[in-house]
Amino acid sequence: RRMTVGLGVIEDADWVMARARWVGFDQAAIARVGADFAGRDVPIPAWNDRLHFTDFTPRTANYLLVLDGLNFSFWGEPRWGIDYRGKALRGYWALAAALKRAIEEDIPVYEAGWMAACTEVELAHVLRGRGQIPLFDERLAHLHELGERLLTRYGGEFANAIRTCDHSAVALTELLVRDFPSFDDASVYQGRRVRLLKRAQILPADIWGAFNHEGLGRFDDIGQLTAFADYKVPQVLERLGLLVYHPDLVQKLVDGVELPHGSEAEIELRAATIAGVERLKLAIAAHGRSLSAIEVDWILWEMGLTPAPTDKPYHLTRTTAY
């Protein structure tokens with residue numbers, strides 16, 4: 001029987017947290033927030049087809065592959081963003097809308113041949129806006145990898161890859177890590193390789209959302225996926241009191257000190273995000289409401305879009321992982 005990637009990620013996160021010194025949990029806060037989330041109508045955000053390209057065909061699957069292939073590291077000043085349909089967007093939403101804008105301009109960003117052959121000038125045009133997107137060269141390299149792998153392994157259609165997975169989000173995550181190396185997100189913590197797999201898990205979740213859980217978006221094991229360890233979700237977990245930071249880590253965040261990718265504090269923040277959402281999910285379930293880790297993650301991420309006066313700055317790590 002296949003070991004599910006979700007359980008592997010949770011096990012790795014728990015292993016890290018059993019040894020963590022920078023980040024810990026407040027069990028009382030987890031219980032309190034779980035009761036709160038279960039006791040009131042905390043809405044699960046709906047799929048946003050205003051800013052995402054969605055046409056319920058294999059083109060949407062290719063679009064989402066590009067989106068999540070480039071979905072990392074937006075922080076920095078001046079912050080990169082675009083104006084789309086009269087709205088100023090930043091970060092992930094700017095990327096989603098920039099790719100949708102390109103399709104509306106008849107730039108075939110969902111075609112594998114375009115991905116594989118895209119030039120610096122072409123990608124810069126697609127991403128034009130305010131400021132410069134970080135890690136531009138890495139994004140171009142990812143785009144080339146996506147196009148080349150689609151062409152050589154899946155006939156140019158990511159839908160063909162999805163169909164080989166027999167409605168399994170876990171199998172699709174494993175496929176991404178195997179066949180598209182830019183999705184392989186793991187770090188070494190105290191000598192052990194720990195899998196965090198942010199973008200490799202968020203892509204099946206996005207396909208699940210975009211296709212309304214049907215057709216290409218039907219995944220019978222979607223509940224096996226974990227939270228997506230990034231910048232915003234740990235910030236919200238700390239806001240709610242679930243995560244407790246070492247005072248030295250708080251000082252680093254306040255001072256804007258960059259945490260290197262693969263450093264102990266950075267790995268612990270990400271592991272705490274995954275393990276913390278699992279604990280919150282169980283606390284919610286104890287009060288009779290069943291939510292998946294994905295749904296809890298989406299609720300927390302949406303909360304993070306509205307800053308709170310007590311928020312500590314989110315951690316700064318320049319990486320293609322998230």
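This passage describes the nonpolar cores, helix contacts and selected loop residues of a predicted model.

The largest nonpolar core of the model has 114 residues, and within this core the residues with the most contacts are F158 and F180. Helix α13, which spans residues 264-285, gives the most to this core, contributing 11 residues. Leaving aside residues up to four places away in sequence, F180 touches L65, E145, L146, R149, L150, Y154, F158 and L175, a list that includes F158, the other residue named for the most contacts inside the core. Apart from the largest core lies another one, made of five residues, among them Y231, L316, A321 and Y322.

Helix α13 also takes part in a contact with helix α2, which is formed by residues 27-39. The axes of the two helices come within 7 Å and cross at roughly 55 degrees, and α2 and α13 are therefore oblique to each other. The crossing in which α2 passes α13 is right-handed. On the side of α2 the contact involves Q27, I30, A31, V33, G34, F37 and A38, which meet R279, L280, A283 and I284 in α13. When the residues of this contact are divided by character, eight are nonpolar, two are polar and one is charged.

A further helix contact is found between α3 and α7, whose axes come within 9 Å and cross at roughly 145 degrees. Here too the crossing is right-handed, with α3 passing α7. The residues N62, L65, V66 and G69 of α3 meet H142, L143, L146 and L150 of α7, and the residues of this contact divide into five nonpolar, three polar and no charged. Three of the participants, namely L65, L146 and L150, are also among the residues touched by F180.

The contact of helix α11 (residues 232-239) with helix α14 (residues 293-304) has another geometry, in that the two axes come within 8 Å and cross at roughly 85 degrees. The helices α11 and α14 are therefore roughly perpendicular to each other, since an angle of 65 to 115 degrees counts as such. The contact is made by K232, V233, V236, L237 and R239 on the part of α11, and by D297, L300, W301, M303 and G304 on the part of α14. These residues comprise six nonpolar, one polar and three charged.

In the loop between α10 (198-210) and α11 lies F211, which counts as buried at 6% relative accessibility. With residues up to four places away in sequence not counted, F211 touches F56, T57, T60, A61, L216 and G217. Between F211 and G304, a residue of the α14 contact, there are 93 residues of separation in sequence and 25 Å in space, C-alpha to C-alpha.

Several other loop residues call for description in terms of their backbone or their surroundings. A cis peptide bond, with omega about -5 degrees, joins E77 and P78, and P78 is located in the loop that lies between α3 (58-69) and β2 (81-84). The following loop, between β2 and β3 (87-90), holds R85, which counts as exposed at 56% relative accessibility. R85 touches R50, K100 and E104 when residues up to four places away in sequence are not counted. In the case of R50, the separation from R85 is 35 residues in sequence and 9.7 Å in space, C-alpha to C-alpha.

Two residues that are not glycine have a positive phi, of about 65 degrees for D106 and of about 50 degrees for L135. D106 lies in the loop between α4 (91-104) and α5 (112-117), whereas L135 is found in the loop between α6 (120-126) and α7 (136-153). As to accessibility, D106 is exposed, with a relative accessible area of 70%, while L135 is buried, with a relative accessible area of 19%, a value that falls under the 20% required of a buried residue.

How values were computed
Residues are numbered from 1 along each chain as its sequence is written. This is a predicted model: local features need pLDDT of at least 70, side-chain atom pairs count only at pLDDT 80 or more; totals for chains, interfaces and linings use all residues. Side-chain values use heavy atoms; hydrogens and water are left out. A nonpolar core is a set of buried Ala, Val, Leu, Ile, Met, Phe, Trp, Tyr and Cys residues joined through side-chain atoms within 4.5 Å. Buried means under 20% relative accessible area, exposed over 50%, partly exposed in between (1.4 Å probe, protein chains only). Helices (H or I, at least four residues) and strands (E, at least two) are DSSP runs, numbered from the N terminus. Contact means heavy atoms within 4.5 Å. Axes are lines fitted to C-alpha atoms, for helices over the stretch in contact, and angles run from 0 to 180 degrees between N-to-C directions. Angles under 35 degrees count as roughly parallel, over 145 as roughly antiparallel, 65 to 115 as roughly perpendicular and the rest as oblique. A crossing is left-handed if the near helix is turned anticlockwise from the far one by less than a right angle, and right-handed if clockwise. Ala, Val, Leu, Ile, Met, Phe, Trp, Tyr, Cys and Pro count as nonpolar, Asp, Glu, Lys and Arg as charged, and the others, Gly among them, as polar.
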